[in-house]
Every structure is written in C-alpha cells, then in structure tokens.
Amino acid sequence: QVTLVESGGGLVQPGGSLRLSCKASGSIFRINDMAWYRQAPGKQRELVAAIPSAGSTNYADSVKGRFTISRDNAKNTVYLQMNSLKREDTAVYYCNAEIIVSMSYRTGDYWGQGTQVTVSS
C-alpha cells in the first residue's frame, strides 16, 4: 500500500507565494519520476512540473520562471515552490509519482488527493 499526501495549499493574493509538499509513504522500494499536475474548474488536468529520479526538470510554459519543483529522496517528498502567483494559477494541485513497490517490485502510478490553491484578492 502506497499513499501520497499533499499539503501547503490555500488562499493567496496575486503576486504571492505558496509551497506545496507531497510525501509518499508505504511499501516503497524506489520512486522514479515525480510530478505536479493541476486542474482548474471546467478544464482538463495538466502537467505543471516534473522531476525525474535523476536528470533535469521540466515545466509547463505557463509556470516557467515562477515555479520550482524539487525533491528530497531521503524523505520521499516532492515540493513545488510557487512564486508570483496569478489568478489563472487557481486550481486543485495533484501530486503524482511512479513508484516501485517493495516485495512485488511492481511499478505503479500513484496520485495524491489534491490540494486547493486559490489566487484571489
């Protein structure tokens, strides 16, 4: 059993900052790629940022230069630092990870429950 739990969402004014965290726990052998997605009302879920276990990160064009994804492998945690927030960043943000489960060594795609980010004055 593997779970991802996000935290750090909330209400922030335009131009403000938030830091999201997502911790994976359970029977984890190894975590490969980790990523953040978001879904705004009436829109499809979209990739915000991704970070592999090794290698370079990638970002949606709409957040480049404002958001930074990072991870702490020792803590099985991925972060999303969001600066210069805009109203259009308002969405539910979801953590995603490709995880190899202990014992079975099967690879699965796991999602968190989502955390609401609202950018409003």
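1. Two strands are said to pair if DSSP finds at least two bridges between them. That definition is needed for much of what follows, beginning with Tyr93, which stands opposite Thr115 in β11. The model discussed in this note is a predicted one, and the points below should be read with that in mind.

2. Overall make-up. The chain contains zero helices and 11 strands, and, read along the sequence, its pattern is therefore β-β-β-β-β-β-β-β-β-β-β. For 121 residues, a compact globule would be expected to have a radius of gyration near 14 Å, and the value of 14 Å found for the chain agrees with this. Taken along the principal axes, the C-alpha atoms fill a box of roughly 50 × 25 × 25 Å.

3. Burial, surface and contacts. Of the 121 residues, 42% count as buried, while the accessible surface of the chain comes to about 6500 Å², with 47% of it belonging to carbon and sulfur atoms. If we take the contacts in the chain with a separation of 6 or more, 56% of them are accounted for by residues 24 or more positions apart.

4. The four-stranded sheet. One open sheet is made of four strands in the order β1-β3-β8-β7, and the pairing within it is antiparallel. Its edge strands are β1 and β7 (67–72), each of which pairs on one side only. On average, and with direction ignored, neighbouring strands of this sheet are turned by 15° against each other. As general background, strands of a sheet pair through backbone hydrogen bonds, and they do so in either a parallel or an antiparallel manner. Within this sheet, β1 and β3 run antiparallel and are joined by six bridges; looking at one residue in particular, Glu6 has Cys22 in β3 as its bridge partner.

5. The disulfide. Cys22 also takes part in the one disulfide that the structure holds, a link to Cys95 with an S to S distance of 2.1 Å. The link brings together distant parts of the chain, since Cys22 lies in strand β3 (residues 18–26) and Cys95 lies in strand β9 (residues 91–101), with the two cysteines 73 residues apart. A disulfide, in general terms, is a covalent bond between the sulfur atoms of two cysteines. The angle about the S-S bond is -80°, and the link of Cys22 and Cys95 is left-handed. Are these two cysteines buried or exposed? Both Cys22 and Cys95 are buried.

6. Strand β9 and its partners. Nine of the 11 residues of β9 are buried, so this strand is largely enclosed by the rest of the structure. With strand β4 (residues 28–39), β9 runs antiparallel and is joined by nine bridges, and one of the facing pairs is Ile28 opposite Val101 in β9. With strand β10 (residues 107–111), β9 pairs in the antiparallel sense over five bridges, and here the bridge partner of Ala97 is Tyr110 in β10. The hairpin of β9 and β10 has five residues between the strands, and in this hairpin Met103 takes a positive phi near 75°.

7. Strand β11. Which strands does β11 pair with, and in what sense? β9 and β11 pair in the antiparallel sense over three bridges, whereas β2 and β11 pair in the parallel sense, also over three bridges. On the antiparallel side, the bridge partner of Val92 is Gln116 in β11, and on the parallel side, the bridge partner of Leu11 is Thr118 in β11. Strand β11 (residues 115–119) has a covered face made of Thr115, Val117 and Val119, and an uncovered face made of Gln116 and Thr118.

8. Gly9, a loop residue to look at. Gly9 is placed in the loop between β1 (2–7) and β2 (10–12). Why does Gly9 count as partly exposed? Its relative accessibility is 33%, and partly exposed covers the values between under 20%, which is buried, and over 50%, which is exposed. Leaving aside residues up to four places away in sequence, Gly9 touches Leu18, Leu20, Thr115, Gln116 and Val117. Gly9 and Tyr93 are 84 residues apart in sequence, yet their C-alpha atoms are 8.2 Å apart in space.

Conventions. Residues are numbered from 1 along each chain as its sequence is written. This is a predicted model: local features need pLDDT of at least 70, side-chain atom pairs count only at pLDDT 80 or more; totals for chains, interfaces and linings use all residues. Side-chain values use heavy atoms; hydrogens and water are left out. A disulfide is a pair of cysteine sulfur atoms within 2.5 Å. Buried means under 20% relative accessible area, exposed over 50%, partly exposed in between (1.4 Å probe, protein chains only). Contact means heavy atoms within 4.5 Å. Axes are lines fitted to C-alpha atoms, for helices over the stretch in contact, and angles run from 0 to 180 degrees between N-to-C directions. The radius of gyration is taken over C-alpha atoms; the globule rule is 2.2 Å times the number of residues to the power 0.38. Accessible areas come from the Shrake-Rupley method with a 1.4 Å probe; for residues, only the protein chains shown count as cover.
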